[in-house]
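Here's a quick briefing to read with the model open on your screen. We'll go through the charged pairs, the sheet, the core and a few single residues.

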Amino acid sequence: VQLQASGGGLVQPGGSLRLSCTASGSINNINAMNWYRQAPGEQRELVATISSGGNIKYGNSVKGRFTLSRDIDKNTLYLQMNSLKPEDTAVYYCNFILGLRPYWGQGTLVTVSS
């Protein structure tokens with residue numbers, strides 16, 4: 001299974017972006033689908049997660065601004081990011097937990113700057 005993340009870019013503060021992460025091939029036994037991010041000099045942090053049952057949780061810093069969704073038929077996870085702030089600048093990574101095994105996408109850079 002390979003994950004391909006896309007949708008990053010440069011956006012002004014207050015703007016929006018939508019990230020996508022698509023898994024190649026058929027995927028089974030999904031335990032969780034996640035977005036993480038890592039800013040320069042910082043540890044990777046969990047941005048949002050959706051469980052196999054559809055339960056969604058967000059990191060405190062993005063609550064009310066980011067929306068996680070998925071299209072199981074398309075093997076795709078989305079992250080709609082609104083009201084972006086400079087502190088959202090980071091490389092965003094998608095992560096699928098299939099069974100007990102984690103799979104990671106290559107990362108997509110989001111830069112929020114005027």
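A salt bridge here is a side-chain nitrogen of Lys or Arg within 4 Å of a carboxyl oxygen of Asp or Glu. By that rule, the count comes to three salt bridges. Keep in mind that you're looking at a predicted model.

**Salt bridges and their network**

- Start with arginine 37, which pairs with glutamate 45; their closest N and O atoms are 2.6 Å apart.
- How exposed is each partner? Arginine 37 is buried, with a relative accessible area of 5%, while glutamate 45 counts as partly exposed at 34% relative accessibility.
- Arginine 37 also forms a salt bridge with aspartate 88, and here the closest N and O atoms are 2.9 Å apart.
- Because aspartate 88 sits in the loop between S8 and S9 while arginine 37 belongs to strand S4, this pair ties together parts that are 51 residues apart in sequence.
- Both aspartate 88 and arginine 37 are buried; for aspartate 88 the relative accessible area is 0%.
- Aspartate 88 has another salt bridge, to arginine 65, at 2.7 Å from N to O.
- That pair also links distant parts of the chain, 23 residues apart: arginine 65 is in the loop between strand S6 (56-58) and S7, and aspartate 88 is in the loop between S8 and S9.
- Through shared partners, Arg37, Glu45, Arg65 and Asp88 end up in one salt-bridge network.

**A closer look at arginine 65**

- Arginine 65 is buried, with a relative accessible area of 10%.
- What does the side chain of arginine 65 reach at 2.9 Å? The target is the backbone oxygen of serine 83.
- Setting aside neighbours within four places in sequence, the contacts of arginine 65 are Gln80, Met81, Asn82, Ser83, Leu84, Lys85 and Asp88.

**The four-stranded sheet**

- Four strands make an open, antiparallel sheet, and their order is S1-S3-S8-S7.
- Strands S1 (3-6) and S7 (66-71) are at the edges with a single partner strand each, so one side of each has no neighbour in the sheet.
- On average, neighbouring strands of this sheet are turned by 15° against each other, direction ignored.
- S7 and strand S8 (residues 76-81) run antiparallel and are joined by six bridges.
- If you want a spot to check in that pairing, arginine 70 has leucine 77 in S8 as its bridge partner.

**The nonpolar core**

- In soluble globular proteins, nonpolar side chains tend to be buried together.
- In this model, the largest nonpolar core has 29 residues, and the ones with the most contacts inside it are Trp35, Leu79, Met81, Tyr92 and Phe96.
- Which strands supply at least two residues each? They are S1, strand S3 (17-23), strand S4 (30-38), strand S5 (45-51), S7, S8, strand S9 (90-98) and strand S11 (108-112).
- S9 gives the largest share of this core, with five residues.
- Phenylalanine 96 touches a long list of residues, not counting those up to four places away in sequence; among them are Leu3, Cys21, Ala23, Ile27, Ala32, Met33 and Leu77.
- Polar or charged residues are on that list too, including Asn75 and Arg101.

**Strand S11 and its partners**

- One face of S11 is covered, with Thr108, Val110 and Val112, while Leu109 and Thr111 make up the uncovered one.
- Strand S2 (residues 9-11) runs parallel to S11, with three bridges between them; in this pairing, valine 11 stands opposite valine 112.
- S9 and S11 run antiparallel, and three bridges join them.
- Across from leucine 109 in S11, you'll find valine 91.

**Arginine 101, out on the surface**

- Arginine 101 lies in strand S10 (residues 101-104) and counts as exposed at 53% relative accessibility.
- The side chain of arginine 101 makes a polar contact with the side chain of tyrosine 103, at 3.4 Å.
- Arginine 101 and glycine 54 are 47 residues apart in sequence, and their C-alpha atoms are 19 Å apart in space.

Methods:
Residues numbered from 1 in each chain as written. Predicted model: local features only at pLDDT ≥ 70, side-chain atom pairs only at ≥ 80, totals over all residues. Heavy atoms only, no water. Pairing = 2+ DSSP bridges. Axes fitted to C-alpha atoms, helices over the stretch in contact; angles between N-to-C directions. Core = buried A, V, L, I, M, F, W, Y, C linked by side-chain atoms within 4.5 Å. Buried < 20%, exposed > 50% of the residue type's maximum accessible area, 1.4 Å probe, protein only. Contact = heavy atoms within 4.5 Å. Polar contact = N/O pair within 3.5 Å; in protein donor to acceptor, adjacent residues only side chain to side chain.
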